[in-house]
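Hello,

Here is the structure I promised to pass on to you. Please open it alongside this message, and my notes follow below.

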Amino acid sequence: MFSALAYQLSSKFLEEQKCAPVKRRTMSKKPAAQPTLHKVIMVGSGGVGKSALTLQFMYDEFVEDYEPTKADSYRKKVVLDGEEVQIDILDTAGQEDYAAIRDNYFRSGEGFLCVFSITEPESFDATQEFREQILRVKNDENIPFLLVGNKSDLADKRRVPLDSCRERAQHWQVPYVETSAKTRDNVDKVFFDLMREIRSRKSDDSRATNGDVKGKKRRKIKCAIL
Amino acid sequence: MGPPPVVTGISPKEGPPGTRVTIRGEFLGTSAIDLIGLKICGCDCLLSAEWKSKNKIVARSGPCKGRGDIIVTTRSGGEGTSTVQFRGYHESIGPVKESAVWVEEAAPPSLPWGRRPMSPTTYTPPDPLGLSTEGDDCKFPEEELNEMFPDGSGKLSDDNFQPGWYLLEHHSNTSYEDLKAGMVFLQRKVESQKEGQLSFLKANTGAVMDQLDRLVLLKNMYEEDERKNGKEPLPSLQAAIEESITLADSLFSEILSRKDNADKTREALSLLTRHKFLFQLPASIDRNIRKKEYDLVVNDYTRVKNLFGNTDVKLFQKILAEIDKKIEDLKEKLYTRMKTMPINVQEQTKYIRLLISLNWEGDAAWVAITSRKEYLMSLMNKVKDHFKQKEEQESNEKGKRKSKESEWLGGWGAVRGAWVAAAAGALAAQLHALWPLARRYFAGELAGEPTSTQRQADLKEMIIAAVELFSEHMRACLLSPGGGKLVPTDTLRVRLVANLRHLREAYDSLLKLDLPSQPLSIVEKVIFDYRVHGMTVFLQRAHKRVKGLAEKETWKIEEYSDYGAITNLPHLLETYLNEAFSAIHKCVVTSGRRESPLLADHGEPAAILQRHTQQILLAYVTVLQDLALNHEDQEFNNSNLSVALEQRGEEVGGGPAGPAPPASWQLRLLLAGANAAYTRRHTLAAIATAIHNFGFPKQNQALQATKEALSTLESTIAETYLEHKGDPLVGTIEPSMDMGRHKTDADAVVDDARPYVYEIINNLIAVHAEVDSVSGAASSRYVRDICETVCEELARLAALGSPGAPMSPAAAFQARLEYTLLRLACAEHLTRKAENHLMEALAGIPPIESEEEKKRMDTIVQGFKKRMELQLASLNCNMETV
């Protein structure tokens with residue numbers, strides 16, 4: 001790890017020193033050239049509407065037909081409180097088949113939208129597991145996290161009481177938001193709220209001088225900023 | 001020009017080549033035509049791209065590896081950019097992994113199961129830094145390298161070689177000092193290489209100069225050439241080439257056409273070879289039919305039907321039609337063969353099966369069954385006709401030779417026997433064939449419609465019809481009334497047994513077939529009837545022989561039994577009956593398998609037996625009677641009343657019939673009586689025992705009737721005898737007495753009985769001797785009767801004489817003496833009745849008064865006894881006492 005960093009530094013140094021024209025393109029993470037990137041990960045049981053939320057947010061479209069997701073990646077520029085940032089959304093698979101590869105995805109996430117369907121108590125129960133897995137992988141109690149109760153348009157089929165949702169959110173000390181991917185109700189809100197959390201979390205981290213616990217990640221981020 | 005396309009979403013974000021990818025973004029083209037380029041990870045995927053909307057394209061990833069942008073190019077917006085990346089990876093496909101691609105699983109085990117070390121395909125230059133490479137244990141993750149150098153490569157020989165990649169890959173753990181040393185090493189190496197080039201030029205100056213000279217020479221030659229041939233050498237070259245093309249064409253056209261022909265021929269040949277089976281089939285069918293390999297034909301036919309049944313090819317159809325025709329012929333042939341009798345069952349079954357497998361329309365098995373039955377019927381009729389004809393022929397021949405003495409044996413001829421054998425054999429054999437066939441048919445083994453009940457009933461009718469025909473023929477053959485002539489017993493018995501055996505064999509074989517009981521019972525009835533017939537014949541024969549006994553009587557005394565002397569008649573009777581019984585017993589009584597016993601109680605045959613036995617016995621009685629009484633008229637005409645004693649001598653040769661019986665009628669009478677008695681007492685018992693021994697039902701009724709008849713006969717005989725014997729004897733008394741009485745002098749001293757007394761005694765002795773010689777113990781009866789008659793006569797005479805005048809003492813003495821003497825003489829034979837008569841006679845005589853007279857009478861009686869001792873003894877003894 002260390003040598004990788006060292007190499008990155010040295011190569012940059014060489015570049016500047018020699019000022020030699022390099023035929024390859026600049027690196028994708030060109031410092032300062034790109035707006036801040038917030039990596040959001042959608043988690044939750046299969047069929048709760050993670051992809052629907054994502055697509056609604058990304059392209060203002062509601063997809064009726066259901067096609068299980070494996071792992072989708074979206075990224076676009078948005079304006080967050082007047083600042084242009086990039087949001088990178090990793091839409092993961094809810095199905096248990098892919099449970100084994102979730103760890104890898106979660107590792108790169110900076111914020112999590114934990115989605116369940118208010119018409120399906122099993123999906124609400126499953127949020128507990130997702131939460132635990134995320135905390136285990138990230139090793140961080142305060143990771144940006146939103147509990148999202150989707151399908152609020154189907155209030156007549158509601159089977160998860162609002163109280164228990166709020167109770168759980170309170171217990172986890174995370175915000176609870178009810179959305180509808182169909183009506184686009186609260187869709188933007190959950191993404192922007194999460195990005196704000198991520199942003200404030202990042203600024204906290206950068207302010208902190210010592211942070212050995214998450215050294216690797218912070219260093220990486222620092223490098224990116226550099 | 002619109003805005004360039006921007007890809008902002010990818011679903012999924014990674015996958016193996018061929019993954020269906022949904023690409024989302026903005027300005028992805030205004031229409032499908034607008035989309036002119038799509039690259040995923042550098043692989044062109046336009047071919048699989050499906051333009052959905054300006055925000056969405058669906059495509060399949062190409063054979064890319066690693067992470068890469070998705071670049072959409074549109075006519076309207078040009079080349080676009082991507083904010084997301086797709087990562088392609090190669091999946092190793094193992095046996096348990098679903099795959100759209102065919103994986104040769106039998107391939108050597110180098111492919112599956114992940115990455116295995118393979119022999120390096122590219123040359124890797126030795127370590128350029130002169131540092132030993134690190135082990136594999138702390139490899140730098142390739143993914144991060146890919147991320148850090150998206151367009152780079154760690155290979156020294158690649159264009160996009162990235163020293164950083166190389167160092168991280170190989171020397172990530174090498175210390176800075178070592179790296180510096182490596183740098184120095186590398187620089188030195190480069191220096192030495194540069195140095196090497198310069199020295200190379202220096203060392204080869206001569207060669208280089210030489211090359212330059214050559215180049216100049218070449219240039220000069222070229223310029224000279226150009227001058228010589230002009231600036232344009234091409235047209236002439238073109239002409240030459242065209243000419244050569246024409247020439248080549250003309251040269252090769254022939255060869256090419258030949259080749260075409262050859263190809264066509266080859267094709268036709270291969271077609272022929274491929275469908276050799278079909279083309280050769282007609283011939284092979286013919287051949288196989290000739291060889292009788294019908295199974296092969298059927299198999300071939302089925303195969304060809306399966307292969308070419310629905311063919312549209314004209315040629316094939318033609319051949320198929322030919323084959324079909326042959327098969328039709330074959331079917332016809334098989335059908336005819338199947339129907340043509342005689343044929344054994346296996347073969348017939350084979351034909352049936354063949355017909356079935358050739359889809360012969362119709363019920364082959366049923367036809368076979370029917371034809372078999374027809375054959376059986378006609379066979380029976382043929383057998384019948386044949387033997388009838390033969391018989392007629394024979395009898396004609398015989399008739400020519402000796403018309404009178406026709407040896408027409410009726411049911412016992414040898415021809416009939418042969419007929420029975422033939423018919424029984426035919427029935428058994430044909431039913432043996434027919435029944436299993438039918439059974440298999442109804443078991444459904446031979447197709448057709450075995451389930452129909454009509455068929456079952458038909459079959460039953462057929463079998464019954466056949467069996468009935470058989471039984472009818474047999475009845476006609478065997479049970480017809482026999483000829484008039486008596487057949488020798490042995491022949492009869494042999495024929496009977498043989499015929500019965502044939503019938504039983506047939507019956508047995510039918511039994512073995514498990515035929516229904518109805519036809520069986522028909523055959524059984526024939527056998528039974530034949531047995532009864534046989535029995536009847538035997539009995540009739542016995543009857544006839546017994547009737548003929550009269551002619552056999554020789555009057556020769558065979559034996560002196562307890563019941564008097566007998567001739568051989570009773571023995572003959574016994575013998576005849578025994579013969580008949582033993583023949584019956586041997587031939588017909590024993591029942592075969594599943595035959596009803598012949599002589600069941602109250603059965604008809606038992607009644608027949610009874611009737612015949614009785615008839616035989618009564619016939620015997622009649623014979624005896626005839627023998628005893630028939631000739632009397634003549635006899636009596638001849639007989640002299642007064643010479644009864646001499647008759648035996650005189651009658652020699654006077655018998656009316658028979659070659660040898662010189663016996664007098666008295667003798668015959670007595671013999672007949674003795675025979676009757678013997679038969680009654682002894683022979684009948686023997687016969688009863690014989691009947692019992694043969695296990696026949698008891699013939700009590702017949703025996704009883706016979707006994708009675710015999711008793712009657714005996715008494716008739718006795719009466720007749722007495723009548724003819726006693727009457728003359730008695731008749732002589734009176735004249736003799738009168739003769740003496742005239743001479744009687746009242747005063748004369750009576751010193752002896754008058755001669756009539758002696759005459760009576762002599763006559764009695766004669767009778768006694770005659771009777772005793774024949775009848776033995778039974779003789780006393782006759783003698784008694786005569787004595788009785790004599791006494792009665794005396795009493796009558798005494799009564800006649802007394803009422804006239806009182807008798808003189810001398811006459812009275814005389815009479816008393818005479819009666820006393822007679823009484824003495826006949827003492828043995830006097831019955832109570834006779835005694836009474838004598839007493840009555842004596843009572844009429846005055847008793848003797850004086851002692852002197854009494855004495856005198858005693859003296860006379862003693863004298864008489866002395867004189868007549870021999871006579872008296874002969875009169876009073878029997879055969880036994882002699």
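A residue is called buried here if its relative accessible area is under 20%. Please keep in mind that this is a predicted model. By that cut-off, buried residues make up 41% of the 882 residues in chain B.

Staying with chain B, its secondary structure consists of 27 helices and 13 strands. Its contacts reach far along the sequence: of those with a separation of 6 or more, 74% are between residues 24 or more positions apart. The surface that chain B exposes is about 49,400 Å², and carbon and sulfur atoms supply 54% of that area.

Chain A can be described in the same terms. Of its 226 residues, 43% are buried. Chain A has 7 helices and 6 strands, and from the N terminus on these elements follow the order α-β-α-β-β-α-β-α-β-α-β-α-α. Among its contacts between residues at least 6 apart in sequence, 72% join residues at least 24 apart. The accessible surface of chain A is about 12,600 Å², with 50% of it belonging to carbon and sulfur atoms.

Next, a helix pair to look at in chain B. Two packed helices are described by the angle between their axes and the distance between the axes. For helix α6 (residues 276-291) of chain B and helix α8 (residues 314-339) of chain B, the angle is about 15 degrees and the axes are 9 Å apart. Angles under 35 degrees count as roughly parallel, and α6(B) and α8(B) are therefore roughly parallel to each other. The crossing of α6(B) past α8(B) is left-handed. On the α6(B) side, the residues making the contact include Leu278(B), Phe279(B), Leu281(B) and Ile285(B). On the α8(B) side, Leu315(B), Phe316(B), Ile319(B) and Ile323(B) are among them.

Finally, the cysteines. How many disulfides does a search of the whole structure find? The search gives 0 over all chains. A disulfide needs two cysteine sulfur atoms within 2.5 Å. Cys45(B) is in no disulfide, and the nearest cysteine sulfur, that of Cys43(B), is 6.0 Å away. Cys45(B) is also buried, with a relative accessible area of 2%. Cys64(B) is in no disulfide either; there the nearest cysteine sulfur belongs to Cys41(B), 3.6 Å away. With a relative accessibility of 3%, Cys64(B) counts as buried.

Enjoy looking around, and write back with any questions.

Best wishes

Note on methods. Residues are numbered from 1 along each chain as its sequence is written. Chains are lettered from A and ligands numbered from 1 in the order in which they are written. This is a predicted model: local features need pLDDT of at least 70, side-chain atom pairs count only at pLDDT 80 or more; totals for chains, interfaces and linings use all residues. Side-chain values use heavy atoms; hydrogens and water are left out. Buried means under 20% relative accessible area, exposed over 50%, partly exposed in between (1.4 Å probe, protein chains only). Helices (H or I, at least four residues) and strands (E, at least two) are DSSP runs, numbered from the N terminus. Contact means heavy atoms within 4.5 Å. Accessible areas come from the Shrake-Rupley method with a 1.4 Å probe; for residues, only the protein chains shown count as cover. Axes are lines fitted to C-alpha atoms, for helices over the stretch in contact, and angles run from 0 to 180 degrees between N-to-C directions. Angles under 35 degrees count as roughly parallel, over 145 as roughly antiparallel, 65 to 115 as roughly perpendicular and the rest as oblique. A crossing is left-handed if the near helix is turned anticlockwise from the far one by less than a right angle, and right-handed if clockwise.
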